[in-house]
Amino acid sequence: MAQSAGPEIERLIGLLAKLPGLGPRSARRAALALLKRRDQLLAPLADALAEAAARVKTCQVCGALDTRDPCAICADPGRDASLICVVEEVGALWAMERAGAFRGRYHVLGGLLSALDGVGPEALRIGPLVARASQEAVGEVILALPATVDGQTTAHYLAERLAGAGVSVTMLARGVPVGGELDWLDDGTIAQAMRARRPA
């Protein structure tokens, strides 16, 4: 493909295209929007990126991203230290926080077990999780992992590893979403919802 812009612009487009959800065309549109509004968008974005690169770090306790270590959640005395919610990545932690339904602590694995991708237990933050779960204050570990093959494989592996820690290991419920209609759901979701039914 012939270059239609200078090397600086092509580099910007190439970097934007590496972001999730942006392909080459979307990256070109984003780059053009940034360049057209340099003072309102490009300069503040560049400053924000530089500041994030310099200040954001990984929490040594849970694996979340924050400007401090331990992170704000781990340092919050109002959080229930007896509950640890295990998530795949930081984005899942943010989703849980948006819901506002959990007031315990988190543990970010950094991925899922995947034989196809060559991701074994040593590549994830499983050792630190087992160590945290073995602490006296912890009573329950909640596995909030995706309902995928890799997610379920990881959940079963973690349940086995945590068996000797003396904690209750639970999983998020799966089934019919709020506002969902049965005729629009897949067979697996309906079957899981039926298995996970509870008293009305």
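**Strand β4 and its parallel sheet**

All 5 of the 5 residues in strand β4 (residues 104-108) are buried (under 20% relative accessible area with a 1.4 Å probe, protein chains only), so this strand is largely enclosed by the rest of the structure. Strands (E, at least two residues) and helices (H or I, at least four) are DSSP runs, numbered from the N terminus. The model is a predicted one: local features need pLDDT of at least 70 and side-chain atom pairs pLDDT 80 or more, while totals for chains, interfaces and linings use all residues. Residues are numbered from 1 along each chain as its sequence is written, and side-chain values use heavy atoms, with hydrogens and water left out.

On to the partner: β4 runs parallel to strand β3 (residues 80-87), joined by 5 bridges, and Val87 sits opposite Val108 of β4. To get from β3 to β4, the chain goes through helix α5 (residues 90-99) in a right-handed β-α-β crossover (with the strands pointing away from the viewer, the path from the first strand over the helix to the second runs clockwise).

The wider picture is an open sheet of 4 strands, ordered β4-β3-β5-β6 with parallel pairing; pairing takes at least two DSSP bridges. β4 and β6 (168-171) are the edge strands, each pairing on one side only. Strand-to-strand twist averages 25°, with axes fitted to C-alpha atoms (for helices, over the stretch in contact) and angles running from 0 to 180 degrees between N-to-C directions. β3 also pairs with strand β5 (residues 140-143), parallel again, over 4 bridges, and Leu83 faces Glu140 in β5.

As for the helices, α5 packs on the sheet, touching β3 and β4 (contact: heavy atoms within 4.5 Å), at about 160° to the direction of β4. Helix α6 (residues 126-133) lies across β3, β4 and β5 and runs at about 155° to β4.

Note on methods:
Buried means under 20% relative accessible area, exposed over 50%, partly exposed in between (1.4 Å probe, protein chains only).
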